[in-house]
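Colleague: I am new to reading models of this kind, and I would like to go through one slowly with you. Could you show it to me before we begin?

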Amino acid sequence: MLIDGHGRTVDYLRISVTERCNFRCQYCMPEKPFSWVPKENLLTFEELFLFVKVAIDGGITKIRLTGGEPLLREDLDTFIKAIHDYKPDIDLALTTNAYLLSQAAQKLKDAGLKRLNISLDSLHADVAAKIAGKNVLPQVLKGIDKALEVGLKVKINMVPLKGINECEILDILEYAKKKGIKVRFIEYMENIHASKTLQGLHGDEILAKVKEKYTIRALGREGASPSFNYGLDDGTEFGLIDPHKQDFCENCNRIRLTAEGNLIPCLYFDEAMSIAAYVKDGDIQGAADVLAQVLKDKPKENRWSEGGPNEDNISSRAFYETGG
Ligand code: SAM
Ligand code: SF4
């Protein structure tokens, strides 16, 4: 079992397999970065897999592949199959913008993927294009349908933004209800890479929009999930990811690995340690030692409880690098 310096069990590893993306979401990567990590600095799937084995042997039971856009990385299904074959009961999930999903869904399912979180910020083509930087909606909706058709479990992620898609909170909830899938509203997290003028909705404002139509019941957090669940009278459930709330970090169970091998204890801090040299040398003990140190150093909580996020208390790392 992996325990951090604050006594929390860490059983969840998120791996960003690439920082590259085919979207330019305003809240994440509004413009192509000045420079990408050179391809030769990215860990190969063999190298990433060596660390995955160390992590699983230590106590990781859930792995999510993310990015950037993970479906841009070739042979992702081979990597998924390797993880699945090593530990078939691992909770193996992927977060994607779904643009390439209609072609990939069956292959991912066959490789052993169990669950997908799909970003869907608008059901209007022009608004979706405004957020993502190009016309994406038809492909995304096709991807969602294909994933459901092949039997993958799907959740929708929406980031409500003031003056842009805030009026679609109920529409996205209705869409998800119709498809029989769960939606999670994510508070916009301030970061230096996002468009400067963006303003997100706070959790209370998101809930107020849902309450315009429904009576809601608070159901609580699901284990160590960052999502606080709510129920509607008809049994529908939705989630709210609210990192601006004080108790958000209490049960944090996760660490993050970037595509170049930086192991990140917390999304809201710059600190990280590299496993790259160890996995390149096949040094399992070296990689395990870095993992132990990162767990020991994991911060207790983000620094937003007093006065909210500001330029001194947000990480300078981009979400497309950490994987969100
Ligand atoms: N490209 C994939 C996608 O968009 O689903 C995976 C990577 S993306 C960085 C992972 C998640 O982070 C997405 O659900 C996205 O909405 C979320 N995200 C990115 N920037 C964010 C921000 N500034 N605030 C809140 N969520 C953000
Ligand atoms: Fe790409 Fe996902 Fe970031 Fe959008 S949120 S730019 S799809 S990595």
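Modeller: What follows is a short exchange on the ligands and on how some helices pack. This is a predicted model in which local features need pLDDT of at least 70 and side-chain atom pairs count only at pLDDT 80 or more, while totals for chains, interfaces and linings use all residues. Residues are numbered from 1 along each chain as its sequence is written, chains are lettered from A and ligands numbered from 1 in the order in which they are written, and side-chain values use heavy atoms, with hydrogens and water left out.

Colleague: How many residues surround ligand 1, and which are the closest?

Modeller: A residue is counted as near a molecule if one of its heavy atoms lies within 4 Å of it. On that basis 20 residues surround ligand 1, and the closest are Tyr27, Gly68, Ser119, Met189 and Asn191.

Colleague: How far is a nitrogen atom of ligand 1 from a polar backbone atom of Met189?

Modeller: A polar contact here is a pair of N or O atoms within 3.5 Å. An oxygen atom of ligand 1 is 3.2 Å from a polar backbone atom of Thr96, and a nitrogen atom of the ligand is 3.0 Å from one of Gly68. For Met189, the distance from a ligand nitrogen to a polar backbone atom is 2.8 Å.

Colleague: What share of the accessible area of ligand 1 does the protein cover?

Modeller: Accessible areas come from the Shrake-Rupley method with a 1.4 Å probe. Ligand 1 on its own has 550 Å² of such area, and the part covered by the protein is 96%.

Colleague: Which residues lie around ligand 2?

Modeller: By class, this shell has 6 nonpolar, 2 polar and no charged residues, where Gly counts as polar, and Cys, Phe, Tyr and Met as nonpolar. The residues themselves are Cys21, Phe23, Cys25, Tyr27, Cys28, Met29, Gly68 and Asn97.

Colleague: Why are α6 and α7 described as roughly perpendicular?

Modeller: Helices are DSSP runs (H or I, at least four residues) numbered from the N terminus, and their axes are lines fitted to C-alpha atoms over the stretch in contact, with angles from 0 to 180 degrees between N-to-C directions. Angles of 65 to 115 degrees count as roughly perpendicular. Helix α6 (residues 169-179) and helix α7 (residues 203-211) have axes 9 Å apart, and their packing angle is about 65°.

Definitions and conventions. A polar contact is a pair of N or O atoms within 3.5 Å; within protein, one must be able to donate a hydrogen and the other to accept it, and residues adjacent in sequence count only if both atoms are side-chain atoms. Helices (H or I, at least four residues) and strands (E, at least two) are DSSP runs, numbered from the N terminus.
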